[in-house]
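Open the model in your viewer and get ready to select residues. We will make a few short stops.

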Amino acid sequence: MSRVLVVDDDKACARTLELHLRAQGHDPVVAYDADAGLMLARVEPPELVILDIRMEGRSGLDALPDFRALQPAPEVVMITAFHDMASTIAAMQKGAADYIHKPIDVDELDAALERLLGVERPDQLLPVRDVPGGPLQMVARSRAMKEVFKTIGLVARSNATVLITGESGTGKELVAHAIHNASEQANGPFVVVNCAAVVESLLESDMFGHEKGAFTGAVGAQPGKFALAQGGTIFLDEIGEMSATMQAKLLRAVQYKEFSPLGSAATSHTDARIIAATNLDLASQVADGRFREDLYYRLQVVNLNLPPLRDRIEDLEDLVHALLVRINKEMQGGITHVDQAVLDCFAEYTWPGNVRELENLLMRAVATATGNVLAMDALPADMKRAVLPPDAPATDSFGLGSLADAERLHVQRVLQATGWHRGEACAILGISRPRLRRIMREHRLISPGSSED
Ligand SMILES: Nc1ncnc2c1ncn2[C@@H]1O[C@H](COP(=O)(O)OP(=O)(O)OP(=O)(O)O)[C@@H](O)[C@H]1O
Ligand SMILES: [Mg+2]
């Protein structure tokens, strides 16, 4: 239900439009000249103006900038006769959203209305900007992440073993890399082992290497990753998934810095710096007997815990910008602006997959984008549903109510005080128009003058 102002000095045409708009579920008002239209628009701003170009008195073309200067600015569709093409072009240049030819074809009109009113009109677009993130493009604005950076700096001074913990997608591998790059072994190799590998013998050979004939298919001797990481860092990812047998073998490597390749009795030495990571709670794995306690203590000489994204929402906006710059470059994408409403939505989401989930979402958005704006339509339905507050009103013994209750009450009060003037309400609330619309929809706040249910 949108307020639409029709301005046309042809009364029959104006009346036909009014009836059609009402039948389509809109809330039309009619004026027969530009000045009367502007007055009506100032009383209650329309979301859309249908403006005739040729009128007695002031022309629509002349009045167009005044309509566009209203706060909030309505979209303007010009009505034009075929022979007005030059003025149509001028109207588009002056900020009209579309034009419709007379005699009016209802299908054409409906398509324009749907396009202009059906989608949320972004009213605050933020240009995508690069965020300085150092050589690894690691973004950190939050206190929590600045602490992480401090720890990275501290542990990079020594050769101490580090255990990086954190939910999946929080940036554990990125941090391991950062420690390596900041350390004295930075010029040495950074070698990754995925400890969640299914076949145990393959993992063993991957880590420690094998002799010729150690197993079927081992046609020649091959060095393992501990040997390859000599002079650098070995990163043991998903360490919590390792079997008991492999944990025992790894303990020897961690404790004495020595290991034996598969099928060999000889002992090799390693000076590689060891960094391990897991998204499991290793302490409780130890308590449950699933992870060796001695290995656990050897690994977590320093424990670096990465906070989940939902606990550092201050990082979100920078992350969106930095990731978009990177993804645009990698995928030849052209997203240049972000709708503030999208950021509002992101800030309320819980991000179970953390930065990786955000990255995947942005990659999908860039791949499927039709314009240059990251807008609400790029967000998965699941996410939009997830940020909606629960339907049932909260009850508590203090009678205080939930944040959602307070939001509904406050927004309702502001709307009533402003006579349901959305522009003014947005200014008082300090929020964008799409956000106000979303809040109104969520809480079913409906202007008393409208018959929307
Ligand atoms: N602070 C950050 N700044 C920029 N990009 C980041 C940041 N943190 C994570 N990323 C990006 O998010 C993605 C996931 O990071 P990473 O692979 O390091 O996470 P992880 O904790 O190892 O995840 P998983 O548990 O799924 O293996 C990567 O593409 C990484 O570049
Ligand atoms: Mg990882």
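**Stop one: a covered strand**

Select Leu-48, Ile-50 and Asp-52: these residues point one way from strand 3. Now add Val-49 and Leu-51, which point the other way. Buried is the word for each of them, on either side. Keep in mind that you are looking at a predicted model.

Colour the whole of strand 3, residues 48-52. The strand is mostly covered, with five of its five residues buried.

**Stop two: the neighbouring strands**

Which way does strand 1 run relative to strand 3, parallel or antiparallel? Select residues 3-7 to show strand 1 and look. The two strands run parallel, joined by four bridges. For one place to zoom in, pick Val-4, which stands opposite Leu-48 of strand 3.

Next, select residues 75-80, which form strand 4. How many bridges join strand 3 to strand 4? There are five, and this pair runs parallel. Show Leu-51 and Met-78 together: Met-78 in strand 4 is the bridge partner of Leu-51.

Now trace the chain from strand 3 to strand 4. On the way it passes through helix 3, residues 60-68. This β-α-β crossover is right-handed.

**Stop three: a loop residue**

Jump to Met-138. It lies in the loop between strand 6 (125-127) and helix 6 (143-155). Is Met-138 buried or exposed? Its relative accessible area is 9%, which is under the 20% cut-off, so Met-138 counts as buried.

Now add Gln-124 and display the C-alpha atoms of both residues. Gln-124 and Met-138 are 14 residues apart along the chain, and their C-alpha atoms are separated by 27 Å.

**Stop four: ligand 1**

Centre the view on ligand 1. It is surrounded by 16 residues. Show the closest ones: Val-139, Gly-169, Lys-172, Arg-356 and Glu-359. The shell divides into five nonpolar, six polar and five charged residues.

Look for oxygen atoms of the ligand next. Which distance separates one from an N or O atom in the side chain of Lys-172? The value is 2.8 Å. Then select Gly-171, where a backbone N or O atom lies 3.1 Å from a ligand oxygen. Glu-173 also has a polar backbone atom 3.1 Å from an oxygen atom of ligand 1.

Turn on a surface. On its own, ligand 1 has 630 Å² of accessible area, and the protein covers 89% of it.

Finish by colouring helix 7 (172-182), helix 13 (316-331) and helix 15 (354-368). These are the elements that give two or more residues to the shell around ligand 1.

Conventions: Residues are numbered from 1 along each chain as its sequence is written. Chains are lettered from A and ligands numbered from 1 in the order in which they are written. This is a predicted model: local features need pLDDT of at least 70, side-chain atom pairs count only at pLDDT 80 or more; totals for chains, interfaces and linings use all residues. Side-chain values use heavy atoms; hydrogens and water are left out. Buried means under 20% relative accessible area, exposed over 50%, partly exposed in between (1.4 Å probe, protein chains only). Two strands pair if DSSP finds at least two bridges between them. A crossover is right-handed if, with the strands pointing away from the viewer, the path from the first strand over the helix to the second runs clockwise. A residue is near a molecule or strand if one of its heavy atoms lies within 4 Å of it. A polar contact is a pair of N or O atoms within 3.5 Å; within protein, one must be able to donate a hydrogen and the other to accept it, and residues adjacent in sequence count only if both atoms are side-chain atoms. Accessible areas come from the Shrake-Rupley method with a 1.4 Å probe; for residues, only the protein chains shown count as cover. Ala, Val, Leu, Ile, Met, Phe, Trp, Tyr, Cys and Pro count as nonpolar, Asp, Glu, Lys and Arg as charged, and the others, Gly among them, as polar.
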